[in-house]
Amino acid sequence: RAQVRDDLKLDLRLVSRRLDWRAVVDDVSLGVARGQLTCLLGPSGCGKSTTLRMVAGVERQNAGEILVDGRVISDSHTHIPPEERQIGLMFQDFALFPHLRVRENVGFGLSGDKMAARARVDELLDRVGLTQFTNAYPHELSGGEQQRVALPRALAPRPSIILMDEPFSGLDNRLRDGIRDDTLRVLRDEGTAVLLVTHEPEEAMRMADRIALMREGKIVQDGTPYELYSRPVDRNAVAFFSDINVVTGKVCGGQIDTAFGRFDAPGMGEGDAAEIVIRPQHVRVEFFRNGTAPNATPSHGTPMEAQVDRARFMGGKSLLELRVGPNGDLFRAAMPGVFTPEPGTQFWMTLPRSRCFVFPVG
């Protein structure tokens, strides 16, 4: 057995879950420290909610260990029931008891001294700004207010860990950002370890201290939001956080030959197929003056003629769709502010080397 890490509230070790012949979760290892919010991020069906249910205890893994505070709560021999795990749960549907008032919902999991329990409920309702709704029933609240009740209800028993499964997806965009920020503030004040499941990259970047990117049952990359965004492991990891442009080529003499010039290919062999990936906001465009191309440089490579196919203002930025080269390949470039040149307008386009990611094909 691996050495226990004292700083981890939640520790998953090579956890797997199989349904029939398919590995829904495949050798997942993940740790969440006290006061840390870790996000399981990935598309629908990648295994992130199944992972959460195994931690909660409502599903049991086929292999691996789950530990809380260094104590095994589930392995091949042990399975602590969900109600004994000291884990709080928040879900998309809020799961409030419709026949109980707000105060009773929040205090439902509390036992012992009634005065202490009442003080705890009042404290949490005050921190989420719901004191005036203490005696209301859930059906009398808006969706955002119900979400704010679900948080103190999960926190009231002072659980070691909070599990959150797409908790904000039922809210409209107008409310979502504010409620996410309020939720994060309360969780930070409590010092709770949080495992959040979401399929929205923006939500993960906004809330998480660490992100574990899942794909087909596996964690393909784990790190801070900055690390995942700036040092992605493959093309799909880049594409999960933004639109991408892709240029393909083959390695020759340690570099990849393309119409945009040569790109370094570290760690790749002679003749290997490669792809250069760049986000739209990093594509560089320059006005087409007198048909004279800017000089090629080591940092920007060879300029290519580009013609505007479509330009759209997106609010805060503009998105250009450009036809490039003799085959009319489509590239996207994002420009700050309002920039909507007419279709047919010509530019020179380059791909700054410092903004490109190079990966082997396959």
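In the predicted model, V246 stands opposite V277 of strand β14. This pair belongs to the contact between strand β11 (residues 245–252) and β14, which run antiparallel and are joined by six bridges. On β14, I276 has V358 of β20 as its bridge partner, and four bridges join β14 to strand β20 (residues 357–360), again in the antiparallel sense. Five of the six residues of β14 (residues 273–278) are buried, so this strand is largely enclosed by the rest of the structure.

These strands form part of an open sheet of five strands with antiparallel pairing, in the order β13-β12-β11-β14-β20. Its edges are β13 (261–264) and β20, each of which pairs on one side only. From one strand to the next, the twist averages 35°. Towards the β13 edge, strand β12 (residues 255–258) pairs with β13 over four bridges, in the antiparallel sense. Within this pairing, I256 has F263 of β13 as its bridge partner. Strands of a sheet pair through backbone hydrogen bonds, in either a parallel or an antiparallel manner.

Another open sheet of five strands, likewise with antiparallel pairing, has the order β15-β19-β16-β17-β18. Here the edge strands are β15 (284–287) and β18 (329–336), each pairing on one side only. Neighbouring strands of this sheet are turned against each other by 45° on average, direction ignored. At the β18 edge, strand β17 (residues 317–324) and β18 pair over eight bridges in the antiparallel sense. The bridge partner of L322 in β18 is F331.

The protein as a whole contains eight helices and 20 strands. Its C-alpha trace spans about 80 × 50 × 35 Å along the principal axes. Of its 362 residues, 48% count as buried. Among contacts in the protein with a separation of 6 or more, 63% are accounted for by residues 24 or more positions apart. The exposed area is about 17,800 Å², of which carbon and sulfur atoms supply 48%. The protein carries 45 positive and 48 negative side chains, and the centres of the two sets lie 1 Å apart.

Among the helices, α1 (residues 48–56) is mostly covered, with seven of its nine residues buried. The buried residues are K48, T50, T51, L52, M54, V55 and A56. An α-helix has 3.6 residues a turn, so residues three or four places apart point the same way. Just after α1, G57 takes a positive phi of about 100°.

Positive phi values also occur outside glycine. Most residues other than glycine have a negative phi. E166, which is not a glycine, nevertheless has a positive phi of about 45°, and E216, also a residue other than glycine, has a positive phi near 50°. E166 is found in the loop between β7 (161–165) and α5 (173–190), whereas E216 lies in the loop between β9 (210–215) and β10 (218–223). The two glutamates have contrasting surroundings: because its relative accessibility is 12%, under the 20% limit, E166 counts as buried. E216, by contrast, counts as exposed because its relative accessibility of 70% is over the 50% limit.

An intermediate case is provided by R18 in strand β1 (residues 8–19). Its relative accessible area is 42%, which lies between those limits, and R18 is therefore classed as partly exposed. Leaving aside neighbours within four places in sequence, R18 is in contact with A23, V24, D26 and N62. The C-alpha atoms of R18 and A119 are separated by 44 Å, the two residues being 101 residues apart along the chain.

How values were computed
Residues numbered from 1 in each chain as written. Heavy atoms only, no water. Helix = DSSP H or I, 4+ residues; strand = E, 2+ residues; numbered from the N terminus. Buried < 20%, exposed > 50% of the residue type's maximum accessible area, 1.4 Å probe, protein only. Contact = heavy atoms within 4.5 Å. Areas by Shrake-Rupley, 256 points an atom, 1.4 Å probe, with all protein chains shown as cover. Lys, Arg positive; Asp, Glu negative; His and termini not counted. Charge placed at Lys NZ, Arg CZ, Asp CG, Glu CD. Pairing = 2+ DSSP bridges. Axes fitted to C-alpha atoms, helices over the stretch in contact; angles between N-to-C directions.
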